[in-house]
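Please open the model in your viewer and keep the sequence panel beside it. The tour below suggests what to select at each stop and then says what is found there.

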Amino acid sequence: MAKPAIASDLSTRAWQRMLSGRRLDLLDPSPLDIEIADIAHGLARVARWNGQTNGAHIFSVAQHTLLVEAVVREQMPRIDVKVRLAALLHDAPEYVIGDMISPFKAVLDGAYKAVEKRLLSAIHIRFGLPPVLGAEITQQIKAADRGAAYLEATLLAGFAEAEAKRLFGRDPALPPGTVQDYLTPWSAAKAEKRFLARFKALHG
């Protein structure tokens, strides 16, 4: 007897059950199945840099997104609050699909990016953002993301400044107190709590 097609097998279990009780379909995600508590909980437990960072705790994606939003806030203090919210949520799909490092993404086909984009669109709709952000906003968030990556690379992941500059661009020049706070890895509980607090401040 012939084996069932792989696509058919995947379609029977293409969802994940969240602690909230929601079942999120990865192939056709519904905004109604997305809860900010699930996002915060998941992102606080996903490690950046595959866990290859200094500190007593992982440097979580939740903490990274807060750092990116802090860069946006510092560099563009008058920017619309919805852009700040989009910055905070820019890696939100990783609460479901994890944080895949860029070198590994580069060897894959477009399937990962397609799932990521569908999830991000559903997350945006759930929280009152456009399904797809405009090119200018996308570039602003990407620039902040690269600035955050520069800081993480040099202060946590062992990169030399010259190498980090070549790969990620320039230092975003955050105030020293902000750098010390956001670049000291937090516990999962602290990262989750601070992510939720910042979301509430931006979304209401």
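**First stop: α3 against α11**

Select Ala62, Thr65, Leu66, Glu69 and Arg73 in α3, and you will find that they meet Ala191, Arg194, Phe195, Arg198 and Leu202 in α11, where contact means heavy atoms within 4.5 Å. What you are viewing is a predicted model, in which local features need pLDDT of at least 70 and side-chain atom pairs count only at pLDDT 80 or more, while totals for chains, interfaces and linings use all residues. Residues are numbered from 1 along each chain as its sequence is written, and side-chain values use heavy atoms, with hydrogens and water left out. Helices (H or I, at least four residues) and strands (E, at least two) are DSSP runs, numbered from the N terminus.

Now show the whole of helix α3 (residues 61–75) and helix α11 (residues 188–203), which pack at an angle of about 40 degrees with their axes 9 Å apart. Axes here are lines fitted to C-alpha atoms, for helices over the stretch in contact, and angles run from 0 to 180 degrees between N-to-C directions. The two helices α3 and α11 are therefore oblique to each other, given that angles under 35 degrees count as roughly parallel, over 145 as roughly antiparallel, 65 to 115 as roughly perpendicular and the rest as oblique. The crossing of α3 and α11 is left-handed, a term used if the near helix is turned anticlockwise from the far one by less than a right angle, with right-handed used if clockwise.

**Second stop: α3 against α4**

Keep α3 in view and add α4, which packs with α3 at an angle of about 150 degrees, the axes being 8 Å apart. That angle makes α3 roughly antiparallel to α4, and the crossing of this pair is right-handed. Selecting Thr65, Leu66, Val68, Glu69, Val72 and Arg73 in α3 shows the side that meets Arg84, Ala87 and Leu88 in α4.

**Third stop: arginine 84 and glutamate 69**

Next, centre on arginine 84, which has its place in helix α4 (residues 81–88). Which side chain of opposite charge is nearest to this buried arginine 84? It is glutamate 69, 4.6 Å away, and arginine 84 has no salt bridge. A salt bridge is a side-chain nitrogen of Lys or Arg within 4 Å of a carboxyl oxygen of Asp or Glu; Lys and Arg count as positive and Asp and Glu as negative, while His and the chain ends are not counted. Buried means under 20% relative accessible area, exposed over 50% and partly exposed in between (1.4 Å probe, protein chains only). Leaving aside neighbours within four places in sequence, the contacts of arginine 84 include Val72, Met76, Ile79, Arg198 and Leu202.

Move from there to glutamate 69, which forms a salt bridge with arginine 73, the closest N and O atoms being 2.4 Å apart. Both residues lie in helix α3, four residues apart, about one turn of the helix. Glutamate 69 counts as buried at 0% relative accessibility, whereas arginine 73, at 25%, counts as partly exposed.

**Fourth stop: other charged pairs**

A search of the whole structure finds 10 salt bridges, and two further ones can be selected here. In the pair formed by glutamate 116 and lysine 113, the closest N and O atoms are 2.8 Å apart, and these residues are separated by about one helical turn, being three residues apart in helix α7 (residues 111–126). Glutamate 116 is buried, with a relative accessible area of 10%, while lysine 113 is partly exposed, with 39%.

The salt bridge between aspartate 145 and lysine 142 has its closest N and O atoms 3.9 Å apart, and the two residues are three apart in helix α8 (residues 135–155). Aspartate 145 counts as buried at 14% relative accessibility. Elsewhere, salt bridges that share partners join Arg22, Asp33, Glu35 and Arg126 into one network.

**Last stop: helix α2 and the whole chain**

Finally, select helix α2 (residues 36–43), which is mostly covered, with six of its eight residues buried. Those buried residues are Ile36, Asp38, Ile39, Ala40, Gly42 and Leu43, and what covers them includes α3, α5 (94–97), α7 and α11. Zooming out, the chain has 11 helices and two strands, and buried residues make up 41% of its 204 residues.
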